[in-house]
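This report looks at the aromatic rings of one protein model and at the groups placed around them. Please have the sequence and the structure at hand while reading.

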Amino acid sequence: MRVLLMSGLGPANLNSGYLSGSLLDRVRGPQATRVLELAGKPDLDVNQLAFDKGGRRYALLRPRPDSVPHLTSVTLTSILASSGHEFERVPLEEVWTSQVRPPSGDIDVVLLSSTFIWNDGIVATALDWIAKHVPDTPVVMGGQYTNLKFMPVMRDHPEVFAVVRGDAEESLPRLLDAMQAGAPLDGIPNLVWRDGPRIRINAVEYVDLERFPSPTVAGSAPIVPFESMRGCPFDCKFCSFPAASPKWRYKSAEKIVHDWAAYGRHNDAKMISAMDSTFTVPPTRMRRLLELLPDAETPPWEGFSRANTINSPELVENLTRSRCRQLHIGFESMNDETLKRMSKRVSVKQNRRAGELLSQSDIGYYVFFIVGYPGETPEAFADTSDFLVDEYVGHFALSKFSITDETMPLWQDREELQIVSHDPTDPTAAWSHIGMDSAEATRLQKETLDRVRHGSETAVLHLWQHAFQHWLMPHRDRLTNIRAEKCVERMVMAPVDYPDAGQAAAVVNGELDKLHALGIERADDSRTLCREAI
């Protein structure tokens with residue numbers, strides 16, 4: 001049986017419009033062109049910015065050498081390869097952009113991952129592509145969306161033959177073998193399937209993560225995504241993940257160290273990216289990991305953490321010794337009432353403490369904030385906005401609240417908070433609640449990002465940097481890198497920030513002077529610059 005695996009990211013970036021009109025916009029607009037002309041640098045390109053290191057001249061903006069492979073794709077390809085099923089993969093990103101090439105040869109079944117799908121319209125788009133390019137082929141779905149919506153999908157899309165809900169390690173190979181042999185499906189766990197006109201729902205079983213082998217990765221893999229748990233012990237109301245995987249299970253510290261060492265040996269991994277929603281829990285496992293990792297032959301790692309985990313200088317020092325390179329943390333808000341409404345189970349004091357401790361360390365960190373959570377007023381959000389401008393040090397992201405799913409736990413507060421959405425399945429749809437509406441949240445988001453750019457010397461929006469090596473100057477300290485990124489951001493956003501082209505031109509030249517003081521200058525010919533990773 002030959003399988004077509006369709007997996008990858010979803011079709012949208014909700015923050016993508018912020019750089020429109022800037023010097024980083026792919027198409028340079030008339031305002032940006034006029035600004036550069038008045039600055040006396042009509043051909044200025046940010047790719048010309050450069051610095052010297054070790055007798056060589058490096059571009060400041062060097063492409064990121066390696067991206068993190070999708071955990072879902074790595075897991076599914078490992079399942080198919082280890083079970084001996086022939087398969088071809090189609091990245092879903094190419095489906096959304098109509099760039100994908102149809103599969104070669106005959107396909108017996110299509111496996112469609114819904115991990116990065118959030119509404120029925122996206123499901124329909126993928127199924128339409130399958131109907132056009134792989135017609136009359138049974139479709140098996142699985143992943144986050146269908147874990148929650150398996151019955152609506154089966155009801156509304158007759159081309160979907162089955163859904164594997166939850167763990168697929170044992171169920172998926174058994175399903176494929178049974179389909180090939182024409183054998184009964186009623187004994188396969190985690191399966192929802194069509195039995196003639198009926199939809200059958202088999203019992204749910206959970207894989208023992210400690211016993212079951214972790215995914216294998218073929219060949220060299222500079223960055224290996226890693227899953228150390230399934231489910232989540234927390235109940236944040238903006239997240240429906242626990243409902244899709246209700247049983248929380250996790251691998252032991254010993255298994256994690258064993259797996260990471262194997263990826264280092266067999267795949268020459270230079271980084272492990274722990275993709276769990278919160279890798280630093282449970283605390284007993286984290287303490288054991290921090291005992292084992294310093295002496296283990298494992299690659300450096302990054303992962304997601306809760307703020308209250310980062311609670312002492314000793315903990316941060318142990319993270320450093322364990323070769324932790326970066327943490328992603330959801331502060332979400334700096335208002336205790338808003339955090340309580342979110343059921344975040346952290347406090348403003350704990351958020352502030354984590355930020356202070358990490359800012360004094362060598363660990364990179366990236367903190368997430370939300371504007372417009374149900375019940376939040378503009379006055380309450382001002383606590384977050386002021387914190388970013390006046391106190392925060394490091395990289396951050398500020399996202400406008402969006403409703404991605406009608407199963408989000410926040411709907412429990414619908415009447416109290418007067419939550420209304422024009423379309424609960426569309427994250428771009430307008431919404432409102434007792435605190436504000438989506439238009440107000442959009443305004444506050446932009447105002448805050450602009451305030452931080454102009455009013456803070458230590459907080460920097462992490463948006464355009466995703467495409468480039470982190471840090472931009474790895475041989476320099478954190479604050480020097482932040483200053484460089486702040487200068488670049490102020491310079492590229494000048495055509496957007498200042499309607500007066502002459503004023504914007506003066507800002508461009510002023511920021512170039514500040515970059516010069518940091519050892520960064522404009523090269524005459526960007527083609528001569530070294531662009532490999534440092």
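Over which ring does the charged end of R306 sit? The ring is that of F234, and the charged end of R306 is 3.7 Å from its centre. A second case involves R165, which lies over the face of F150 at 4.7 Å from the ring centre.

The model is predicted. In it, the count of aromatic pairs comes to 18. Two of these pairs, which have Y373 in common, are listed here.

| Pair | Centre to centre | Angle between planes | Kind |
|---|---|---|---|
| F238 and Y373 | 6.4 Å | 80 degrees | edge-to-face |
| Y373 and F401 | 5.6 Å | 75 degrees | edge-to-face |

The pair of F238 and Y373 is edge-to-face because its planes stand at 80 degrees, and over 60 degrees counts as such. F238 lies in the loop between β11 (229–230) and α7 (241–244), while Y373 lies in the loop between β16 (364–371) and α13 (378–390), so this pair ties together parts that are 135 residues apart in sequence. F238 counts as partly exposed, at 21% relative accessibility. Y373 has a relative accessible area of 0% and is therefore buried.

In the other pair, F401 belongs to the loop between β17 (394–400) and α14 (414–417), and Y373 to the loop between β16 and α13, so the parts tied together are 28 residues apart in sequence. Both Y373 and F401 are buried.

Aromatic residues also gather in a cluster: F331, Y365, F369, F387, Y392 and F396 form one.

Key:
Residues are numbered from 1 along each chain as its sequence is written. This is a predicted model: local features need pLDDT of at least 70, side-chain atom pairs count only at pLDDT 80 or more; totals for chains, interfaces and linings use all residues. Side-chain values use heavy atoms; hydrogens and water are left out. Rings of Phe, Tyr and Trp (its six-membered ring) pair if their centres lie within 6.5 Å; planes under 30 degrees apart count as stacked, over 60 as edge-to-face and the rest as tilted. Helices (H or I, at least four residues) and strands (E, at least two) are DSSP runs, numbered from the N terminus. Buried means under 20% relative accessible area, exposed over 50%, partly exposed in between (1.4 Å probe, protein chains only). A charge sits over a ring if NZ of Lys or CZ of Arg is within 6 Å of the ring centre and within 35 degrees of the ring normal.
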